[in-house]
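User: Please take a close look at one part of this structure for me. I would like to see how the two chains meet.

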Amino acid sequence: MKTAERQFTTISGVPIDPLYDQPVAALPAPGEFPYTRGIHRDMYRGKLWTMRQFSGFATPEETNRRYHYLLAQGQTGLSVAFDLPTLMGYDADHVMSLGEVGKCGASVCSLEDMEILFHGIPLGDVTVSMTINSPASVLWAMYLAVAEQQGVDWTRLSGTLQNDILKEYIAQKEYIFPPRPSMRLVTDTIEFGARHTPKFNPISISGYHIREAGSTAVQELAFTLRDGMEYVDWALQRGMAVDDFAPRLSFFFNAHSDFFEEIAKYRAARKIWALAMRDRYGSRSERSQKLRFHAQTAGCSLTWQQPYNNVVRTALQAMAAVLGGAQSLHTNSLDEAYALPGEHAVTIALRTQQVLAYESGIPNTPDPLGGSYFLEKLTADTEDAANDYIRRIDRMGGMIPAIEAGFPQTEIAAASYRYQREVEEGERVIVGVNRFQSPDPPIELLQIDESSGHHQSAKLSALKQRRDNQKVRKNLDALMRAAEGTENTMPYILDAVRSYATLGEICDSLRSVFGTYQETAHL
Amino acid sequence: MAHPIRVLVAKPGLDGHDRGAKVIARALRDAGMEVIYTGLRQTPEMIVNAALQEDVQVIGLSILSGAHNAIVPRVLELLREKDMMDVKVIVGGIVPDEDAAALKKEGVAAVFQPGASLDAIVTFIRGAVPESNVQS
């Protein structure tokens, strides 16, 4: 095809001009409002990003061994992957847990499992991120209880709870309760955190899953930031002052394959958030206005075919995240189109970050691409397009009415179908899949069998024999009464957890008060 | 005039990853088939009941969580119990080669792994549903 006829677009379909050469206005320096160029003046010269590999599989015992291995390899933070029953608030012995225990992450059914998960890991020294949403307050309570047992004061705890329920309705779909009671639980954790855990991020407002569900870069950005505003609105309605909780709101974005589009997305994210915090919410604290984010390379970009190519994809995506000023980063393993990563594959993924940090020279100066004609234009266009979406959602009455109307879901499904059609027509090339195919050698995979389910179920029966069941019942009743009222539920969840009430029992108590959510499927 | 092929696209288990199921549902619809999408978190019993109610010729199961070895055989068992073995079961998602071979042995008509083209899936379904089964 002649270049004159060919359309050049980003992976999200944004048209790219033949040349960018318009003068670029001078930008505020890194560390200066609105932080387009980064939230720190010295950026990675002062401190490298945290290398935080998302990890968890099978039983808490096996996952604990993996954590010790990763820390020994030089990883600087932990990130817990829970299995699907845990994410959905079911114990391992529940009928819906059939075949799912330990498959997508570690199974954690009670405080006992959380104790095993962090055995020998000093919670006062290691920062821990937990990917848990609908039952986030329960898992967080277990974590806080383990810290108590280790004698670590909560004020020393540093880490992140994902706890972003809105993106579950939009994309990831691991929801239990309807939106409003779910938002109340999230607000309870934000309020509790502001009082008791000043260094812990009670929420990580996530675009990652929105992007994995097939959104464009602009949709990822807009829906995530608008979700963030929804959490701010709820906390303000609770009576909190914006600068008392906003400094601990954190974000999580995808690092997808279109290199410049991703860097533009991170830069635009910081600018939109800084302006929104100052102008929409009247924040006066720099810490509230600085958007901090974790990035993970794009799982959906990994191919089953020729899996070693995934190492290269991941390296490029990680580079975009670093050039975009991420505070922490997960790099995917080459085998993740097949299974949870094996030890060898996860080591290569971690080494990829270490090569970027110590060999590439990129961390030597903040925002090294700032001032590029192309990048600055793309950043401005991304900001405008995201603001258009944010205004549309404002006009719908906020994110909850938008979700109930199926708006973000339908936008994402349409983008995802459009992309797949382009792949199908060969307009988008995926190396090794729709071009440059060749046979690939088999790779070794991590196998997780059904034994985790049996192991976890046996532990649950033993626990229920051993614990004070009257105390459990009393604590669950108290939690239900609190849930029916307007009190903060966290202290009641903590009491239930400390008496070894299981995740399933606590979530069932909340289900009985809040009901459950069924979505209308939007094709 | 021949009636269109009817397909039930189902998401069993706890897995919430519905991107693939939705793309396939739209692609089959664009190819002229009638598609019923179950939505999330269906048990094998719910899926087979829906297949019966909706009188489909094909059930497409989308599973990305690794639970296929527990869930798919149960769907096949229920189809046998209800004398619905003429309904073709196809599986899409993250299914390793060994598991795919085992599932086919148990009666699954086809397994589509990551990277499978929409066209291949449409073509397979058209070939697998004999004309005589399409009521006119």
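Analyst: Here is a walk through the interface, followed by one helix pair. The model is predicted.

Start with who touches whom. On one side, 38 residues of chain A are in contact with 35 residues of chain B. The size of an interface is often given as the accessible area lost when the parts come together. Between chain A and chain B, about 3000 Å² is buried. Carbon and sulfur atoms give 59% of that area. In chain A, the residues that lose the most area to chain B are A:W304, A:Y417 and A:L523. Together they make up 26% of what that side buries.

Next come the polar links. The rule finds two salt bridges across the interface of chain A and chain B. B:D18 forms a salt bridge with A:K173. Their closest N and O atoms are 2.7 Å apart. Between the chains, twelve residue pairs are in polar contact.

Which helices of chain A supply at least two residues each to the side that touches chain B? They are helix 2 (84-87), helix 5 (166-172), helix 7 (208-212) and helix 16 (407-424). Helix 16 of chain A gives the largest share, eight residues. By class, the side of chain A that touches chain B has 21 nonpolar, eight polar and nine charged residues.

Now the helix pair, inside chain A. Helix 1 (residues 60-72) packs with helix 13 (residues 343-358) at an angle of about 35°. Their axes are 11 Å apart. The crossing is right-handed. From helix 1 of chain A, A:R66, A:Y69 and A:L70 meet A:E343, A:V346 and A:T347 of helix 13. This contact has three nonpolar, one polar and two charged residues.

Technical notes
Residues numbered from 1 in each chain as written. Chains lettered and ligands numbered in written order. Predicted model: local features only at pLDDT ≥ 70, side-chain atom pairs only at ≥ 80, totals over all residues. Heavy atoms only, no water. Axes fitted to C-alpha atoms, helices over the stretch in contact; angles between N-to-C directions. Helix = DSSP H or I, 4+ residues; strand = E, 2+ residues; numbered from the N terminus. Left-handed = near helix turned anticlockwise from the far one by under 90°. Contact = heavy atoms within 4.5 Å. Nonpolar A, V, L, I, M, F, W, Y, C, P; charged D, E, K, R; others polar. Buried area = accessible area lost by both parts, 1.4 Å probe. Salt bridge = Lys/Arg side-chain N within 4 Å of Asp/Glu carboxyl O. Polar contact = N/O pair within 3.5 Å; in protein donor to acceptor, adjacent residues only side chain to side chain.
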